[in-house]
Structure formats: structure tokens, C-alpha cells
Amino acid sequence: MGEMLLKVENLTAAYGGIKALHGVSLEVEEGKIVSVLGANGAGKTTLLKCISSVMKPTGGSISFAGTTVAKKPYAVVKSGLVQAPEGRQILSSLTVYENLMVGAYLRKDKKGIGDDLEYVYSLFPRLKEREKQYGGLLSGGEQQMLAISRAIMAHPRMILLDEPSLGLSPLVVSQIFEILKTLKDRGLSILLVEQNAYKALSISDSAYIMSVGTIVRHGEAAELLEDDSLTQAYLG
């Protein structure tokens, strides 16, 4: 057993008085890929916003590497927990290279930054080719590659990914999910929020299934993949 890196206990959250999360608990062990699945409106994005301190929960606790998660998003990043947000949020007026450097802005280790830049270019050669292009000119798939790479540039222990397959072709999705497995092999932990249940389960160690703000199932990914009734009931 590795270290329990992320621990969410009995989390509640609300949007404008409407409860979005009702006592959600989950754990991610170091070096594992854990996915959170569920239809739209299940509360998946709210959960990630609370973990990265973009949103303040109304109850429960979140700890990362044994410490309560910081109150400010930049401090969460500094602790080693980095989100690649939904919709990629690439800075369109900056080049690919500049976007990557934004990911590294809290770091002081020049050599480490250079090494990680080489690493993301080796993972995604297309970004190297487009290094001087503006972020806004990239395709959706390239923007997703850049969002993941920008997160890696922060040198995290764990990445939160929100719907990385959204709007991308099956081929590009397969490429990106292959890279996620490579990152795991390098020791990175990943919490993956995803609508594409089959794809997510195929690379995950375990998964949580959410429906209307609660966790309805948790189990090994391989077991959940074989349960057809489950995929039909919650994942559409």
C-alpha cells in the first residue's frame, strides 16, 4: 500500500443555496489513477473545485499528503496538487512555450523546469513543433495536451483532470489516455473526472460513481467495467 495522498471526507457543498454535494468521501492512493464518473449534473466538477480550493465547501474535510488542503488555489498548487481544468483554459494570446512557463511560475529550480519542459515535449512532440504558436491557434486536442503539460510543469504529486476527452476525436482521446498511463508509471497520481466511462475505467485502478451529489458506487475499475447494469444506470 502506498501513502493515501488525497482524502476527502463527508464533503458537502452548495451553489446559491442549492446542495450540490451531499457527504462525498473518496481517497486516492499515491501512484494510482482514480476516476470519478457520472452523468452531467452529478457534482463531479463541484468536487474538483472544492479539492483545488476554487470553491469553499460547506462541510467535511479534504486533506492532501496528510495536511488539510490550503485555502488559496495557488497554495494548493504549491503543495503539489494541480488541476488541468475543464475547457482547458489555455491562454490564447500566449505561445505554447509561454503557456508552459505559466505552469512553472511558482518554481525556482531552473534545471528542473528545463528537464520537465524536455519531458512534456517528449510526451507530446506536437507541442514542441508548435512551441512558438499562439495557444488560440491550436486544435482542441493540442489544447488538451497543453493543459496537461502545463499542469506537469508545476511538478505536481497529483493532477486533477476535468473531462479531458470532451469534444475530442476518439483517436486523440486514446493518445491522451495512453499518456496518462505513462504519467502514472512515472509515479504521478491522477484523479480523473470523465464522462467517457469506458475509456476512464480502462486506465484507472479504481473508480467512484456519482449521481446527484452522492457517491453511489465505489470499486476496482476492472469490476465496474464488467457491470453492464451499472454503466446503463448511471453513465448513460
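Me: Which class gives the most residues to the lining of the second largest pocket: nonpolar, polar or charged?
Reply: Happy to help! In this predicted model, the lining holds 4 polar and 2 charged residues. The remaining class has 7, and that class is nonpolar.

Me: Which strand gives the most to that lining?
Reply: The pocket in question has a volume of about 260 Å³. Of the 13 residues that line it, the closest to its centre are S53, K56, P57, V69 and K71. The strand that gives the most contributes 3 residues and spans residues 59-64: that is strand 4.

Me: Strand 4 also belongs to an open sheet of 4 strands, so what is the strand order?
Reply: Let's build it from the edges. Strand 2 (18-29) and strand 5 (67-68) each pair on one side only. Strand 1 (residues 4-15) is joined to strand 4 by 5 bridges, and the two run antiparallel. Put together, the order is 2-1-4-5.

Me: Which residue of strand 4 is the bridge partner of V8?
Reply: Strands of a sheet pair through backbone hydrogen bonds. Here we look along the antiparallel pair of strand 1 and strand 4. The partner of V8 is I62.

Me: What angle does the direction of helix 1 make with that of strand 1?
Reply: Helix 1 covers residues 44-51 and packs on the sheet. Helix 1 touches strand 1, strand 2 and strand 4. With the direction of strand 1, the angle is about 115 degrees.

Me: Which residue in the turn between strand 9 and strand 10 has a positive phi?
Reply: Strand 9 (residues 206-211) and strand 10 (residues 214-220) run antiparallel, joined by 6 bridges. They form a hairpin with 2 residues between them. The one with a phi of about 40 degrees is V212.

Methods: Residues numbered from 1 in each chain as written. Predicted model: local features only at pLDDT ≥ 70, side-chain atom pairs only at ≥ 80, totals over all residues. Heavy atoms only, no water. 1 Å grid on protein atoms, 1.4 Å probe; cavity = no way out; pocket = protein on both sides within 12 Å on 5 of 7 lines; lining within 4 Å. Points joined across faces, edges and corners; volume = space filled by probe spheres on them. Nonpolar A, V, L, I, M, F, W, Y, C, P; charged D, E, K, R; others polar. Pairing = 2+ DSSP bridges. Contact = heavy atoms within 4.5 Å. Axes fitted to C-alpha atoms, helices over the stretch in contact; angles between N-to-C directions.
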